[in-house]
Amino acid sequence: MTQLLLFNITNGLIIGAFYVLMALGLSLILNLSGIINFAHGGFLAIGGYFAFTLTPYIGFWGALLVAPLLTAVLGLAIERVLIRRLYGRDPLYSLLLTFGLAFIFQDVTRFIWGAQGLPVSVPAFMGQPLSLDFFFITGYRLFMVSVVAVAVTLLFVLLRYTRVGIRIRAGTLDLDTVAALGINVRALRTLNFAVGIFLAGLSGVLAGGQLGLEPTMGDGLLMPSFIAIIVGGVGSLTGTLLGGLLIGVASGVTSVFFPSASEAVMYVMMAAVLLVRPRGLFGEEGMMT
Amino acid sequence: MSVASLPAARRVARRPLALALVWLVLLAAPYWMPFLGGYTALGTRVLVLGLAAMSLNFLLGFTGVLSFGHAAYFGLGAYGAGLALKFLTASTPLALILGTLVGGIAGALLGALIVRRRGVYFAMVTIAFGQVFYYIAFRWSSVTGGDDGLRGFSRQPLHLGAVTVDILGNAEAFYYFVLVCFAIAVALMAFLLRSPFGRTLLAIRENERRARFLGIPVELHIWLAFVISCVFISLAGGLDALLNNFANPHELHYSQSGDLVIMAVMGGMRSFWGPLLGAALFVVLQDYVSSLTTNWMSFIGLLFVVVVLLFPRGLLGFLQRGSDK
C-alpha cells in the first residue's frame, strides 16, 4: 500500500512538473499581455515533433536544446504577425485567434507527421529503473523532473535578477508606466511570448520521451494548466508553480483511492479555492479580476 | 459606434419589415432550402445552433461577459432531455423542460462561484468548469454511455389534445416544432432585453464602474444574465438531442464552446439576429467543407483567424457600418 501510494505520489509529481512547465509559459503570457494562449498545447506538440525529426541528426541532447528553441522562434514569428495585433483589444479576440491557431496546429501536425502516435527513443541508460524496490523511478523520469527543476530555477533567476526579467515583472504590474519609462514594450512582449513558448516546446520534448508523440498530446495538459494558474492565483508565478505541483499530486493520490475521480479532484480543488479565496492561493487582490 | 451601441432589440422593433422577412425565411425554409441543395435536418440544425449562439450572445454581446464554457450547458440540456426520455417519461415537451432545468440549475450554481471574475479570468474559469461536465459525460459510462454517447431514446409524437403530430418520422413537422420553441425562446430574450433589466445589462456592458456607482447590483445582474443564458442554451441542447436522437460527450467539450462563440462573433454579436446568421454560415460551411477535404480543422481555424483580424464586428456589424456611410 505504501509503495502504491508512493508510486502515485511520484507519478503525480512528474505529471505536476509538466503542468508547471506548461502553466508557467501560459502564465507569463497571460500576465504581461493579457492573452490566454489556447494554442499552447499545439506548440507543445510541435516541440515534441521537432525533437523527433532532429534526433537522427543531432542526437537526443542536441534535440533537447534545439527543438524548444525552434518552437520559440515559431512562437516569435506568430506573435509578430498575428498576436501583436490584438494587444489592447477585447480579450475575446485573442481567445478566438489562439483557439483557431490551436485547430490549425493540430491539423498541420497531423498532415506533416501523421495521425499515428510516434515513439521517441531516449538514451538507453535512462530507461532502467534505479532500484528494484522502487521500480517506477526510471532514470528518464528523474531526468525529466531535474530538467523541469533547472528550467524553472533559471526562469525565476532570470525574472529576479536580469534587467529584462525585472522589466517583465514590472510590466505585469503596470505596463503603461513601464512604457512611459522608455522601455520598448513591444519587444518585451515578443520576447516574453517566445520564452513562454520555449517552455511549451521543452515540455513537448520531455513528454514525447515519456508518452510518445501525438498531434493532440498537448490538449490534455491545457486544462490542468489553467487550473494550476487559477488555484495558484493569476499574476503569481510562484502560485502557478505550487498550483501545478499541488493538483498533480492531488490527482495522483486520488487515483489510488478513486481512479475515476482523478480528473474531477482538480476541478473540486478549483471550486474550493474560488469559494474560499477567489484570488487564488498566491494571487494579489485586484490582479486581473 | 453610436449606432452599434443602440439596443439591438429596439433597432429590430424599428424595422418591422426586416423582422417580418426573417420570420418568413424561417417559416418557408423547408420549401426553399431543397432548391439550394439543403435538406430539412440541416435547417433544423441551423435553428438549434442559432438558438444556442443567440443564448450565448445574451451574455457575450449584451452583458459584455466572456463565457467560453457554454457548450457544457448545451450538453447538459442534451443529456438531461435524452436521459429523461430514456428513463423517465415518454413526453417530448416534458423531457425538454427537464433538460432545460438541469442546465439552468447547473448554471445557477456555478454562476454564483464565478460572477466576481472578469475578462480573461472569467473566460478561464468558465472553460475549466465547463470541462467538469465533459469529463462526467465522458467517464460516467454506466449512465451517459461514455465516449459512445447517449443512445437508446428517440423523440416522441406530440399529443396536442385531439391531434397527434408525428415529429419523429416527419422531418418538416419536427422543423416546425423546433421553430416554435425557437420563437418562444427568442421572443422571451427580446422581451428581456427591451425591459429595464435588459437596459441595465447594456449599462453594465458599456461601463461597469459607472453602473456600480449608480447603485446597480452588478454581480446580481451578471449572475441573472448568466442563468438566463444557460437556461436558453440548455433548451437548444435539448432540441439538439431530439434532432439527433443522440447526445455526444464532445458537444460539452470546450472546443464546442469556441464554435458557439465564433458563430456569435461571425454573425455580429452587437446585433440580436447576428448569431443566427453566424450559426447558419458555420453549419453550412462545415457541412460543405467537411465533404470536400479532410483538413476541415485547418479551414475552421483559418475562419477563426480571418473573422478576428478582418471582421471583428461580424457580418451584420460590417453591413450596418457600410450602410451608415
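This is a short walk through a predicted model of a complex with chains A and B.

I'll start with confidence. The predictor gives the complex an ipTM of 0.82 and a pTM of 0.86. The average pLDDT of chain A is 85, and 94% of the residues score at least 70. For chain B the average is 85, again with 94% of the residues at 70 or above. Within chain A, helix 2, residues 40–81, has the highest confidence at 91, and helix 10, residues 264–276, the lowest, at a mean of 84. In chain B the low point is helix 1, residues 8–13, with a mean of 52. Helix 11 of chain B is the high point there, at 93. Please keep helix 1 of chain B, with its mean of 52, in mind when you look at the structure.

Next, the contact between the chains. How many residues does the contact take from chain B and from chain A? It takes 34 from chain B and 36 from chain A. On the side of chain B that touches chain A, the elements giving two or more residues are helix 6 (119–139), helix 12 (254–267) and helix 14 (296–310). Helix 6 of chain B gives the most, with 13 residues. Sorted by class, this side of chain B has 24 nonpolar, 6 polar and 4 charged residues.

That leads to the core. The largest nonpolar core has 188 residues, and those with the most contacts inside it are Ile230(A) and Ala128(B). What does Ala128(B) touch, beyond its neighbours within four places in sequence? The list is Met223(A), Phe226(A), Ile227(A), Ile230(A), Tyr267(A) and Met270(A).

Take Met223(A) from that list and look from the other side. Met223(A) sits in helix 8 of chain A, residues 219–232. Because 23 other C-beta atoms lie within 10 Å of Met223(A), this residue is buried. Leaving aside neighbours within four places in sequence, Met223(A) is in contact with Ala128(B) and Gln131(B). Within its own chain, Met223(A) is 24 residues from Leu199(A) in sequence, and the two are 17 Å apart in space, C-alpha to C-alpha.

Two more positions in chain A. Asn192(A) is in helix 7, residues 185–211. Is Asn192(A) buried or exposed? It is buried, because it has 23 C-beta neighbours inside 10 Å and the cut-off for burial is 20 or more. Not counting residues up to four places away in sequence, Asn192(A) touches Leu28(A), Ile29(A), Leu32(A) and Ile168(A). Asn192(A) and Asn31(A) are 161 residues apart in sequence but 10.0 Å apart in space, C-alpha to C-alpha.

Gly59(A), in helix 2 of chain A, is exposed, because there are 11 other C-beta atoms within 10 Å. From Gly59(A) to Pro123(A) is 64 residues in sequence and 9.3 Å in space, C-alpha to C-alpha.

Now three helices of chain B. Helix 2 of chain B, residues 16–32, lies largely in the open, because the number buried is 1 of its 17 residues. At 1.5 Å a residue those 17 residues should span 24 Å, and the end C-alpha atoms are 22 Å apart, which agrees. Helix 2 of chain B has a kink of about 35° at Leu26(B), shortly before the proline Pro30(B).

Helix 8 of chain B runs over residues 171–194, and its 24 residues should span 34 Å; the ends are 34 Å apart, C-alpha to C-alpha, which agrees. Its buried residues include Phe174(B), Phe177(B), Val178(B), Cys181(B) and Phe182(B). Also among them are Ala185(B), Met189(B) and Leu193(B). As background, an α-helix has 3.6 residues a turn, so residues three or four places apart point the same way.

Helix 12 of chain B, named earlier at the contact with chain A, is mostly covered, with 13 of its 14 residues buried. At 1.5 Å a residue the expected span is 20 Å, and the end C-alpha atoms are 20 Å apart, which agrees. After helix 12 of chain B comes Gly268(B), with a positive phi near 125°.

On the other side, the loop between helix 11 (218–244) and helix 12 of chain B holds Asn245(B). Asn245(B) is not a glycine, yet has a positive phi of about 50°. With 15 C-beta neighbours inside 10 Å, Asn245(B) counts as partly exposed.

Technical notes
Residues are numbered from 1 along each chain as its sequence is written. Chains are lettered from A and ligands numbered from 1 in the order in which they are written. This is a predicted model: local features need pLDDT of at least 70, side-chain atom pairs count only at pLDDT 80 or more; totals for chains, interfaces and linings use all residues. A nonpolar core is a set of buried Ala, Val, Leu, Ile, Met, Phe, Trp, Tyr and Cys residues joined through C-beta atoms within 7 Å. A residue is buried if 20 or more other C-beta atoms lie within 10 Å of its own, exposed if 12 or fewer, and partly exposed in between; C-beta atoms are placed from the backbone. Two residues are in contact if their C-beta atoms, placed from the backbone, lie within 7 Å. Helices (H or I, at least four residues) and strands (E, at least two) are DSSP runs, numbered from the N terminus. Ala, Val, Leu, Ile, Met, Phe, Trp, Tyr, Cys and Pro count as nonpolar, Asp, Glu, Lys and Arg as charged, and the others, Gly among them, as polar. pLDDT is the predictor's confidence in each residue, from 0 to 100. The expected span of a helix is 1.5 Å times one less than its number of residues. The bend at a residue is the angle between axes fitted to the seven residues ending there and the seven starting there.
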